[in-house]
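Reader: I am new to this structure, and I would like to understand the reasons behind the words people use for it. Could you show it to me and take my questions one by one?

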Amino acid sequence: MAGKSYHLDSLKNNEVYFSNIEQLNDPYEGLLHYSKQGITQSQRMAALTHKLNEDHNDLKKARREAESIFKRMTTAQFEQHIDRLCKEQFDRFLAYHRENRFILSLSRAYDTDDVFPPPLTNMMMWGHYADGMRGLCIEYDFEKLRSSINSINNVKVTSRTIDYSETSLPVVRATTMLDDMAMRHHGTSREVLNAFCTKNVAWDYENEVRLISPIHEHNKFAENAIRRVFVSANNEKLVRKVKEILSSKSHKPDLYQVATHKREYKFGFSKLEY
């Protein structure tokens, strides 16, 4: 991160920030393809029956009404009618997820046996997210972070590894939506969340994993979830501020200074006392 005042406040207060979809930097974030392929008449009839049953609370009556609707229409009219209901239901469902699912983007260590694994040594990460190698990076114990967010905030955050695609946008299928309308399998929710966690392969250097929370903005976590903190040697003022914050904590994570090598394209890490 860039080391702005709000980043330092989050470090001080043991908080992480969950963004909504619109706040993320990928222009394709949250975009998906809604596919109507493969819908069967039996799926349409079952979905309509269960939709009508929400009003009647009488499955036999709902089934008779669905059959009556089917008989009054041509096959094409019936298909259009049910497909429109399905799309309206999906649009409401997607809007709900966009308004009530918030994302913390993290970068996974490629090799946990490496003392300083990528992304710590990834120049693009330091350049793009750490203000051109003038910011900092916080390393978390992933399980402690996730479990403490759950317990402290009384929520259930889920985690998903980003799937990187070379070409196609993620797909959410109308057939899944219709099955959910009939049997409530929650398959559409899974497909939407999977779509929220799919990006173009150009982003794969991030090696991203996401936590998804129902709480927007600040979520508290246990400070012992912080394993190490890395701060750029290019920013002495930031180094001093980070030292002050870590000194005030009961948990004392290791602090490292990160510097570019003088003759090679690589980074050097030196441990700092505070």
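Author: What follows is a set of questions and answers about helix pairs, single residues and backbone details in this predicted model.

Reader: Happy to start with helices. Why are H1 and H9 called roughly parallel to each other?

Author: Helix H1 covers residues 5-13 and helix H9 covers residues 236-247, and the two pack at an angle of about 20 degrees. Angles under 35 degrees count as roughly parallel, so H1 and H9 are given that description. Their axes are 9 Å apart, and H1 passes H9 in a right-handed crossing.

Reader: Which residues of H1 and H9 meet?

Author: From H1 come Leu-8, Leu-11 and Lys-12, and from H9 come Leu-238, Lys-241, Val-242, Ile-245 and Leu-246. Sorted by class, this contact has six nonpolar residues, two charged ones and no polar ones.

Reader: What makes Leu-8 count as buried?

Author: Leu-8, which lies in helix H1, has a relative accessibility of 8%. Buried means under 20%, so Leu-8 is counted as buried.

Reader: What does Leu-8 touch, not counting residues up to four places away in sequence?

Author: Leu-8 touches Gly-3, Leu-238, Lys-241, Val-242 and Ile-245. Take Val-242: 234 residues separate it from Leu-8 in sequence, while the C-alpha atoms are 7.4 Å apart in space.

Reader: Let us move to another pair. Why are H4 and H8 called oblique to each other?

Author: Helix H4 (residues 75-100) packs with helix H8 (residues 187-196) at an angle of about 55 degrees. Roughly parallel needs an angle under 35 degrees, and roughly perpendicular needs 65 to 115. The angle of about 55 degrees fits neither range, nor the one over 145 degrees for roughly antiparallel, so H4 and H8 are oblique.

Reader: How far apart are the axes of H4 and H8, and which residues meet?

Author: The axes are 11 Å apart, and the crossing of H4 past H8 is right-handed. In H4 the meeting residues are Phe-90, Phe-93, Leu-94, His-97 and Arg-98, while in H8 they are Thr-188, Ser-189, Val-192, Leu-193 and Phe-196. This contact has six nonpolar, three polar and one charged residues.

Reader: What makes H2 oblique to H3?

Author: Helix H2 (residues 41-56) and helix H3 (residues 59-72) pack at an angle of about 130 degrees, with axes 8 Å apart. Roughly perpendicular runs from 65 to 115 degrees, and roughly antiparallel needs over 145. With its angle of about 130 degrees, the pair falls between those two, so H2 is oblique to H3. The crossing of H2 and H3 is right-handed.

Reader: How do you know that there are zero disulfides?

Author: The whole structure was searched, and zero were found. A disulfide would need a pair of cysteine sulfur atoms within 2.5 Å.

Reader: Why is Cys-86 called buried and Cys-137 partly exposed?

Author: Cys-86 has a relative accessible area of 1%, and buried means under 20%, so Cys-86 is buried. Cys-137 has 24%. Partly exposed lies between 20% and 50%, so that is the word for Cys-137.

Reader: Now the backbone. What makes the phi of Asn-154 worth pointing out?

Author: Phi of Asn-154 is near 55 degrees, a positive value in a residue other than glycine. Most residues other than glycine have a negative phi. Asn-154 sits in the loop between helix H6 (142-153) and strand E5 (158-161). Exposed means over 50%, so Asn-154, at 71% relative accessibility, counts as exposed.

Reader: And Asn-207: buried or exposed?

Author: Asn-207 has a relative accessible area of 11%, and the cut-off for buried is under 20%, so Asn-207 is buried. Its phi is near 50 degrees, a positive value too. Asn-207 is found in the loop between strand E8 (198-200) and strand E9 (208-213).

Reader: Where is there a cis peptide bond?

Author: A cis bond joins Pro-118 and Pro-119, with omega about 15 degrees. Pro-119 belongs to the loop between strand E3 (102-107) and helix H5 (123-129). Most peptide bonds are trans.

Terms used. Residues numbered from 1 in each chain as written. Predicted model: local features only at pLDDT ≥ 70, side-chain atom pairs only at ≥ 80, totals over all residues. Heavy atoms only, no water. Axes fitted to C-alpha atoms, helices over the stretch in contact; angles between N-to-C directions. Helix = DSSP H or I, 4+ residues; strand = E, 2+ residues; numbered from the N terminus. Left-handed = near helix turned anticlockwise from the far one by under 90°. Contact = heavy atoms within 4.5 Å. Nonpolar A, V, L, I, M, F, W, Y, C, P; charged D, E, K, R; others polar. Buried < 20%, exposed > 50% of the residue type's maximum accessible area, 1.4 Å probe, protein only.
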